[in-house]
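User: Could you take a close look at one part of this model for me, the site around the ligand? I'd like to know what surrounds it and what touches it.

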Amino acid sequence: MTLILGIETSCDETAAAVVEHGRRVRSDVVATQHDLHRRYGGVVPEIASRAHLERITPVVEEALSLAGIGFDQIDAVAVGNRPGLIGSLIVGVSAAKAIAWSLGKPLIGVDHILAHLHAAALWVDPGGDDSLQASNMPDPPQYPAVGLVVSGGHTTLYRVGSPVDAERLGSTIDDAVGEAYDKAAVVLGLEYPGGPNLDRLAAKGDPTAVDLPRSLLGKESLDFSFSGLKTALLYAVRGRPVSRKGKAEFPRSAADLDPQAIADFAASFQAAAVDAVMIKLERAINRLTLDGAPPRSLIVGGGVTANSLLRTRVRESGETRGLPVHLPPMRFCVDNAAMIAGLAYEQFARGSVDDLALPAIATASR
Ligand code: KG4
Ligand code: ZN
């Protein structure tokens, strides 16, 4: 039995998990920092890294205790070391190095974005320690697959050859879709974190009420752009800004609109944002097919995978095309350490481990 302790601190969640054989989640602890960042309307990097520092030790201890193991039973220590907020990443990477060094166990650095694609393979055994109820375990994805990661920091399509091998096909040229959701939520006067609140409100609105743009970036492009949609929503909600004493002023704000109008804007935004993602996902499937290696499954991950409309649309697309769809359960859509420990197992099984020189890297490597 291979038990890997995973650590994740790339943004505003301090997380640790223990995963057996890359898939069976023995424990999964996430200390969210939403309460600390709410009043700023977004993540403040300095506050995030300080909070990680305070929480990392108790979070790791709780993950071990919930898994019913001690430090000595871990086979390797994994950490999301790229990409993310550098001050936040450094806390997790330093903690992982300290634990690995003191135990004399291997250290494994994991790409956070690829780990989101592993989340759908995770499995929580409902039967406790001794039951091997494999019937609950999701089937592993078939490769090659089209991978889509949609989160607050990334909107990226991949050709996925195996859990550890993904080639980027396209990515956002400006905002990530989750970031667009969060900014749209601010325009609509919704509370932070905006994405889930906007999703909930959209269910009460009319998605055809306002016509908002779906940016395609040319016939063949697999890249995404959400800044035009964001600006179109801003102008639709607040009117065109006028210059007064050198300052741009909007004629109105969301507070001047009635609740039904706000819900209609939310639903119209959601329809446009999800359309924009789906159009590119369909194009990616066609691209792999034209290249002679059609995808055998779709794998989706990242915080925006929690979005109700996106989940429905991806499932429909898979059904229409006869492709199995791998969507993580809700708790593994957003940032967590189980996906880090899970993907680390795949690297470990292929003999890929790191040493204490492992860096924290802010930017995406692929
Ligand atoms: O993967 P994640 O936890 O962090 C990053 O790696 O970025 O994703 C967080 C993002 C946030 O932008 C959040 O607003 C968005 O995922 N999100 C949603 C929903 N739930 C989370 N966006 C739309 N609809 C949702 N239901
Ligand atoms: Zn993430």
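Analyst: Let's start with the shell: 18 residues surround ligand 1, and the closest are Gly152, Asp182, Asp199, Gly303 and Asn307 (a residue is near if one of its heavy atoms lies within 4 Å). Keep in mind that this is a predicted model, where local features need pLDDT of at least 70, side-chain atom pairs count only at pLDDT 80 or more, and totals for chains, interfaces and linings use all residues. Residues are numbered from 1 along each chain as its sequence is written, ligands are numbered from 1 and chains lettered from A in the order in which they are written, and side-chain values use heavy atoms, with hydrogens and water left out.

By type, the shell splits into five nonpolar, ten polar and three charged residues (Ala, Val, Leu, Ile, Met, Phe, Trp, Tyr, Cys and Pro count as nonpolar, Asp, Glu, Lys and Arg as charged, and the others, Gly among them, as polar).

Now the polar contacts (N or O atoms paired within 3.5 Å). Aspartate 199 puts a polar side-chain atom 2.9 Å from a nitrogen atom of ligand 1. Backbone joins in too: a polar backbone atom of glycine 303 is 3.0 Å from an oxygen atom of the ligand, and one of glycine 178 is 3.2 Å from an oxygen atom of ligand 1. The protein covers 88% of the 550 Å² of accessible area that ligand 1 has on its own (Shrake-Rupley method, 1.4 Å probe).

Helix 4 (112-118), helix 5 (177-187) and helix 6 (194-202) are the elements that each give two or more residues to the shell (helices are DSSP runs of H or I, at least four residues).

Terms used. A polar contact is a pair of N or O atoms within 3.5 Å; within protein, one must be able to donate a hydrogen and the other to accept it, and residues adjacent in sequence count only if both atoms are side-chain atoms.
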